[in-house]
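Student: I should like to take a close look at one part of this protein, namely the sheet and what packs around it. Please take me through that region in a connected account.

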Amino acid sequence: MLEPMLTLAQVAELLGSVSRPDSSPAGPSGLLGAGWYSTEDVASLIGVDPSTLRRWRTSKPMQGPPFVRLTSRITVYSVADVQSWLESRRIVPGEAA
């Protein structure tokens with residue numbers, strides 16, 4: 001399995017001090033507690049070209065796993081979000097109706 005692209009410290013540095021509606025910092029269970037994948041990492045994991053993920057992000061309605069756009073050129077995907085997104089699309093043949 002691929003290692004997350006950014007560390008917690010790198011993401012925190014990129015995000016700076018983000019004000020949250022509840023005024024509590026993101027803990028280990030929040031986005032900052034997860035690892036991160038680049039577009040290329042996610043594309044490799046699911047077997048599509050990176051341009052497919054870029055197209056999904058700009059389609060109406062948006063498709064693909066949830067993402068965080070850090071800058072106009074840097075988009076990352078939470079490891080937990082990618083796993084949840086994949087699980088939501090999982091089909092077990094014996095249970096499919």
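Student: What is the order of the strands in the open sheet, and which sense of pairing does it have?

Tutor: The model is a predicted one. Its open sheet has 3 strands in the order E1-E3-E2, and the pairing is antiparallel. E1 and E2 stand at the edges with a single partner strand each, so one side of each has no neighbour in the sheet.

The pairings can be taken one at a time. E1, which spans residues 36-38, runs antiparallel to E3 and is joined to it by 3 bridges. Within this pairing, Tyr37 has Tyr77 of E3 as its bridge partner. Strand E2, residues 68-69, pairs with E3 over 2 bridges, again in the antiparallel sense. Here Val68 is matched with Val76 of E3. The connection from E2 to E3 is a hairpin of 5 residues.

E3 itself is covered on both faces. Thr75 and Tyr77 lie on one side, Val76 and Ser78 on the other, and all four are buried. Thr75, in strand E3 (residues 75-78), counts as buried because its relative accessibility is 10%, and the cut-off for buried is under 20%. Beyond four places in sequence, Thr75 touches Tyr37, Ser38 and Thr39, as well as Arg57, Phe67, Val68 and Arg69.

The contact with Thr39 leads from the sheet to helix H2, where Thr39 is placed. Thr39 has a relative accessible area of 6% and is therefore buried as well. Apart from residues within four places in sequence, Thr39 is in contact with Thr75 and Tyr77, and also with Pro50, Leu53, Arg54 and Arg57. The buried residues of H2 are Thr39, Asp41, Val42 and Ala43. As a group, the buried residues of this helix pack against strands E1 and E3 and against helices H3 (50-58) and H4. Ala43 illustrates another part of that packing: outside four places in sequence, Ala43 touches Val48, Asp49, Pro50 and Leu53. After H2 comes Gly47, which has a positive phi near 75°.

Several of these residues recur in the largest nonpolar core, which has 7 members: Tyr37, Val42, Ala43, Leu53, Tyr77, Val79 and Val82. Helix H2 (39-46) and helix H4 (79-88) are the elements that give two or more residues to this core. As background, nonpolar side chains in soluble globular proteins tend to be buried together. The bridge partners Tyr37 and Tyr77 both belong to this core.

Thr39 and Thr75 have a further setting, the second largest pocket, whose volume is about 160 Å³. The pocket is lined by 11 residues, and those closest to its centre are Thr39, Arg57, Arg73, Ile74 and Thr75. The elements giving two or more residues to the lining are H2 and H3. By class, the lining has 5 charged, 4 polar and 2 nonpolar residues. Arg57, one of the residues closest to the pocket centre, is also among the contacts of Thr39 and of Thr75.

In summary, E3 has E1 and E2 beside it in the sheet, and both of its faces are covered. H2 sets its buried residues against E3, among other elements, and Thr39 of that helix is in contact with both Thr75 and Tyr77. Tyr77 belongs to the largest nonpolar core, whereas Thr75 is one of the residues closest to the centre of the second largest pocket.

Notes. Residues are numbered from 1 along each chain as its sequence is written. This is a predicted model: local features need pLDDT of at least 70, side-chain atom pairs count only at pLDDT 80 or more; totals for chains, interfaces and linings use all residues. Side-chain values use heavy atoms; hydrogens and water are left out. A nonpolar core is a set of buried Ala, Val, Leu, Ile, Met, Phe, Trp, Tyr and Cys residues joined through side-chain atoms within 4.5 Å. Buried means under 20% relative accessible area, exposed over 50%, partly exposed in between (1.4 Å probe, protein chains only). Contact means heavy atoms within 4.5 Å. Two strands pair if DSSP finds at least two bridges between them. On a 1 Å grid over the protein atoms alone, a cavity is a set of points where a 1.4 Å probe fits but cannot get out, and a pocket is an open set with protein on both sides within 12 Å along at least five of seven lines; lining residues have an atom within 4 Å of a point. Grid points are joined across faces, edges and corners, and a volume is the space filled by probe spheres set on the points. Ala, Val, Leu, Ile, Met, Phe, Trp, Tyr, Cys and Pro count as nonpolar, Asp, Glu, Lys and Arg as charged, and the others, Gly among them, as polar.
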